[in-house]
Amino acid sequence: MISWLDFEKIDIRTGTVIKIEDFPEARKPAYKLHIDFGELGVKKTSAQITKLYTKEDLLGKQLVAVVNFPPKQIANFMSECLVLGAVNGDEVSVLTTLGNTGNGERIS
């Protein structure tokens with residue numbers, strides 16, 4: 001079990017995908033996403049979500065991500081946030097909101 005204080009340390013925000021690139025250097029199929037988090041700026045991440053989504057599916061979509069992890073190097077790319085999703089084997093269904101929210105709005 002974690003405490004409520006532990007949960008409060010996780011900074012989860014909404015952001016809009018503004019750029020997507022293939023990531024052939026990754027060990028598993030992935031995209032490089034550039035996500036606009038409003039006042040927090042644009043953060044990059046690698047996401048293994050190619051099984052269910054094309055680049056066209058994701059561009060302009062609002063996703064939910066953890067934004068306060070330290071940067072992590074994945075192959076030749078620095079990932080700055082973690083897109084959240086429901087994982088079923090190698091299929092990841094990204095978390096999003098039902099309606100449009102402002103970029104950078106906090107999830108609680």
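I take buried to mean under 20% relative accessible area. I note at the outset that the model is predicted.

**Entry 1: strand β4**

I looked up β4, residues 62–66, to see how far the rest of the structure covers this strand. Five of its five residues are buried, so β4 is largely enclosed by the rest of the structure. I then checked the directions of the side chains. Gln62, Val64 and Val66 point one way from β4, while Leu63 and Ala65 point the other way. Residues on both sides are buried.

**Entry 2: the sheet around β4**

I asked in what order the strands of the open sheet lie. The order is β3-β2-β1-β4-β7, five strands with antiparallel pairing. β3 and β7 are the edge strands, each pairing on one side only.

I went through the pairings in turn. β1 and β4 are joined by five bridges in the antiparallel sense, and here arginine 13 stands opposite alanine 65 of β4. β4 and β7 also run antiparallel, with two bridges between them; valine 66 faces leucine 82 of β7. β1 pairs with β2 (residues 31–36) over six bridges, again antiparallel. In β2, tyrosine 31 stands opposite aspartate 22.

**Entry 3: threonine 16**

I selected threonine 16, which is found in β1, the strand of residues 12–22. Is this residue buried or exposed? Its relative accessible area is 17%, and the limit for buried is under 20%, so threonine 16 counts as buried.

I next listed what surrounds the residue. Leaving aside neighbours within four places in sequence, threonine 16 is in contact with His34, Ile35, Asp36, Gly60, Lys61, Gln62 and Asn103. I recorded one polar contact in particular: the side chain of threonine 16 meets the side chain of asparagine 103 at 2.6 Å. Gln62, one of the contacts of threonine 16, is also among the buried residues of β4.

**Entry 4: the largest pocket**

I turned to the largest pocket, which holds about 790 Å³ of space. Which of its 29 lining residues are closest to the centre? They are Ser46, Ala47, Gln48, Ile74 and Leu82. Leu82 is the residue that valine 66 faces across the β4 and β7 pairing.

I traced the lining back to the strands. β3 (42–47), β5 (72–74), β7 (82–83) and β8 (85–88) each supply at least two residues. Two of these, β3 and β7, are the edge strands of the open sheet. By class, I recorded 14 nonpolar, eight polar and seven charged residues in the lining.

Note on methods: Residues are numbered from 1 along each chain as its sequence is written. This is a predicted model: local features need pLDDT of at least 70, side-chain atom pairs count only at pLDDT 80 or more; totals for chains, interfaces and linings use all residues. Side-chain values use heavy atoms; hydrogens and water are left out. On a 1 Å grid over the protein atoms alone, a cavity is a set of points where a 1.4 Å probe fits but cannot get out, and a pocket is an open set with protein on both sides within 12 Å along at least five of seven lines; lining residues have an atom within 4 Å of a point. Grid points are joined across faces, edges and corners, and a volume is the space filled by probe spheres set on the points. Helices (H or I, at least four residues) and strands (E, at least two) are DSSP runs, numbered from the N terminus. Ala, Val, Leu, Ile, Met, Phe, Trp, Tyr, Cys and Pro count as nonpolar, Asp, Glu, Lys and Arg as charged, and the others, Gly among them, as polar. Buried means under 20% relative accessible area, exposed over 50%, partly exposed in between (1.4 Å probe, protein chains only). A polar contact is a pair of N or O atoms within 3.5 Å; within protein, one must be able to donate a hydrogen and the other to accept it, and residues adjacent in sequence count only if both atoms are side-chain atoms. Contact means heavy atoms within 4.5 Å. Two strands pair if DSSP finds at least two bridges between them.
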